Every structure is written in C-alpha cells, then in structure tokens.
Amino acid sequence: MVDYYESANYGHYPPGYDYTQQEEEWDREGLLDPMWEKQQKKTFTAWCNSHLRKAGTNIDLIEEDFRNGKKIRIVNESISQSLSGLKLMLLLEVISGENLPRPDRGKMRFHKIANVNKALAFIEGKGVKLVSIGAEEIVDGNVKMTLGLIWTIILRFAIQDINVEDLSARDGLLLWCQRKTAPYNNVNVHNFHNSWKDGLAFCALIHRHRPELLDYSTLHKGDPLHNLNLAFDIAEKHLDIPRMLDAEDIVYADRPDEKSIMTYVSSFYHAFRNAPERGRIEPAKPKEPPFDWRKAVSEGVKRIVVYRTPSSVCLSTTDSNQSFPFPTEADVIVPVHCPHNA
C-alpha cells in the first residue's frame, strides 16, 4: 500500500500525481503528524458514518493514549475496532452496491481476521493493489494502517471516478473547484490545504449552486471561523453533507490535512456535479471620485456652496446639481456662500 503517511513526503505531490497508484513499500513505523491524524480520524469517521447510516449503524472516533512510553488503546467502538470485521464488510457493501461473501458471525479474533480478509480481497478485486497490509493489523487497531485503508477506500469509491477533462482524479477535482469559485472575490483555489483555510472557497461552492442559502457579499476573509462554520452548518443542514471537519483545526493548522480536505470537497462535487449554477456575483460598482474643488476652480467655477445634510457637510457648485463630500483640506480658496440655514 502507498506510504501516504511518510513524514518526509506527506502532502507534497507534484501536479498530475495519481493518488490511486499504489507503491510497493511503505514505512510501517512512521508516525502521522498529530494534527493531521486528528483531522483524518474525524473526517474519515464522518465519511464512513455517512454511508453506514444507510444501513442503520455507525462507528465512533479513535481514542488512544500514551502512558509510560507504551501505546494504550482505550477500548471503545473506535474506527479501527469497528472496522474489524462486520462493519468493514457492511461499509463496502453500502458504497459499492454489491454483496460480499457471507461473513463469519463469531466474535473471536480469528472470525474478525477472516472477515477483514474478505473485505481486503473485495478491494483488491476492484483493481486496488494492497501491499504490506494485513487483516491482523486492522483487527489489532493499528491506527496508521486503518487510516491508510480507509483512505484507499475513499480514493476508490469517492474520488477515483471523478473525471474532468481526462485529468487525474485529484487534478480534475481541483479544476472543478477552480472553475466553480473563479467569479468570487478573495478565492484562489490552487491546492487542497491552505486554499481552504479562510472558508470562502467552501462558501463560494455553496453560493454558486444554492445562492439562497448564504449571502456571499457579507463574508470577510478576516473571519475564517465564521466562514467555515457557516459553510459546514449549511452543508449539513441543507445538502446532506455531514460535518467532517472542525473549523478550529483548519484555521490554526500551519497546513491542514490534504486528504481530509479532499474527502470533504469530494462530497460537494458529488452533491453539485449535475446541479445548475445559479449563484451570480454582481461586479462592484466603481466609487465616485471625491470632489476636486481645485479642479473645479480651474475650470471656471466661481462659487461653491457649503451645506449640511443630516449626516455630513457637503459642497455643491452653483453651476450644477451635483454635490460632493466636504474635502479634507481646510484651505478653501474660493468665495464660499453659506445658506442662512447652513
């Protein structure tokens, strides 16, 4: 299986890199960046549950701790333990629409290993080459192996079939996002990490297809937590896209986890790929230049009237009906007529 988690190369892939290609060797002992691991646990768990709920079940988040230098696994229905057997097979049946072989119904370790082996065989039957990963490691709750397996499943069933102008799945998804968000101010999508930190790209995707759900013109780049939470809440409530990310994890990370962002963005692609583009961004109206009273004098204006409005002091030439805000300069050098009620 690909070493998606080797720290030296994680996330730094050249354009056109095909995530679906499997490498022969990978580092079993390498550790995930803690922030990336946290993001992947939440995102991958939510993605699995978005499918498992169709079968009336779900899994919980991974919980783990370290004590006296040894990894202590809190025994809960974690993602790694829940996927040890029946729920892994059920997940594959739901997302593929196919039936897997009849599972072993026992609760012993060898029953779980047998079920995971059936799931791995099904994945390999879909053209995915799994190298250096065994059912025992999934059953034993190896976090890195389990996250790698789920990422492989996401790639195969949610991302690999994205086809935009014959590009690789990743580049096609990126191009789709760029085209959808191109008309929007302050959005520049060129990757699946920092381009999404301020939340505006997510909001732009929503507004492009469902403009009634949010007013993009009121959003500000300097308020990323609001933007992200707004997009996540709307997606969950109105688009049936589960909340897979935490706004704080994205905003405060030096580099958000690319696989988590890709997984979540792919859900928007599947929700909107056949939807019409109804959102329109009106171009900003050019502001009128401030009144240049010096230029007015040079053009022959003989008198400037100063008058008050309820909110400001304005100037007006007697030769036109135009009015202008009072200039900041105090040295008015032309005769000024002030109405009696000014």
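A crossing of two helices is called right-handed if the near helix is turned clockwise from the far one by less than a right angle, and left-handed if anticlockwise. That is worth having in mind for the helix pairs in this predicted model.

1. Start with H3 and H6, whose crossing is right-handed. Their axes lie 11 Å apart, at an angle of about 15°. Since angles under 35 degrees count as roughly parallel, that makes H3 roughly parallel to H6. On the H3 side you'll find Leu88, Leu92, Ile95 and Ser96, and they meet Leu149, Ile153 and Phe157 of H6. Sorted by class, this contact of H3 with H6 comes to 6 nonpolar residues, 1 polar and no charged.

2. Now look at H1 (residues 34-52) against H6: the axes are again quoted at 11 Å apart, and the packing angle is about 50°. That makes H1 oblique to H6. Here the crossing is left-handed. From H1, the residues involved are Glu37, Gln40, Lys41, Phe44, Trp47 and Cys48; from H6, they are Val143, Leu147, Ile150, Trp151, Ile153, Ile154 and Ala158. The class count for H1 with H6 is 10 nonpolar, 1 polar and 2 charged residues. If you're colouring by contact, note that Ile153 turns up in the H6 list for H1 and also in the H6 list for H3.

3. Which way does H8 pass H9? The crossing of H8 and H9 is left-handed. The axes of H8 (residues 200-209) and H9 (residues 224-238) come within 8 Å and cross at roughly 40°. H8 brings Leu200, Phe202, Cys203 and Ile206 to the contact, while H9 supplies Asn227, Leu228, Leu230, Ala231, Phe232 and Ile234. The split for H8 with H9 is 9 nonpolar, 1 polar and no charged residues.

4. H4 is a helix of 16 residues (109-124), and from its first C-alpha to its last it reaches 23 Å, close to the 22 Å expected at 1.5 Å a residue. Which of its residues are buried? In H4 they are His111, Ile113, Asn115, Val116, Ala119, Leu120, Phe122 and Ile123. A general point helps when reading that list: an α-helix has 3.6 residues a turn, so residues three or four places apart point the same way. The cover over the buried residues of H4 includes H3 (86-96), H5 (135-139) and H6 (143-159).

5. Back in H1, have a look at Asn49, which sits in that helix. Buried or exposed? Asn49 has a relative accessible area of 16%, and buried means under 20%, so Asn49 counts as buried. Outside its neighbours within four places in sequence, Asn49 is in contact with Asn58 and Ile59.

6. Two aspartates deserve a check on a Ramachandran plot. Asp166 is not a glycine, yet it has a positive phi of about 60°. Asp166 belongs to the loop between H6 and H7 (169-181), and its relative accessibility is 73%, so it counts as exposed. Asp240, also not a glycine, has a positive phi of about 60° as well. The place of Asp240 is the loop between H9 and H10 (247-251). With a relative accessible area of 54%, Asp240 is exposed too.

7. The loop between H7 and H8 holds His190. How far apart in space are His190 and Leu175? C-alpha to C-alpha, they are 8.6 Å apart, with their positions 15 residues apart in sequence. Not counting residues up to four places away in sequence, His190 touches Leu174, Gln178 and Ser195.

8. Finally, some chain-wide numbers. The protein chain has 12 helices and 6 strands. Of its 342 residues, 48% are buried. As for contacts between residues at least 6 apart in sequence, 60% join residues at least 24 apart.

Conventions:
Residues are numbered from 1 along each chain as its sequence is written. This is a predicted model: local features need pLDDT of at least 70, side-chain atom pairs count only at pLDDT 80 or more; totals for chains, interfaces and linings use all residues. Side-chain values use heavy atoms; hydrogens and water are left out. Helices (H or I, at least four residues) and strands (E, at least two) are DSSP runs, numbered from the N terminus. The expected span of a helix is 1.5 Å times one less than its number of residues. Buried means under 20% relative accessible area, exposed over 50%, partly exposed in between (1.4 Å probe, protein chains only). Contact means heavy atoms within 4.5 Å. Axes are lines fitted to C-alpha atoms, for helices over the stretch in contact, and angles run from 0 to 180 degrees between N-to-C directions. Angles under 35 degrees count as roughly parallel, over 145 as roughly antiparallel, 65 to 115 as roughly perpendicular and the rest as oblique. Ala, Val, Leu, Ile, Met, Phe, Trp, Tyr, Cys and Pro count as nonpolar, Asp, Glu, Lys and Arg as charged, and the others, Gly among them, as polar.
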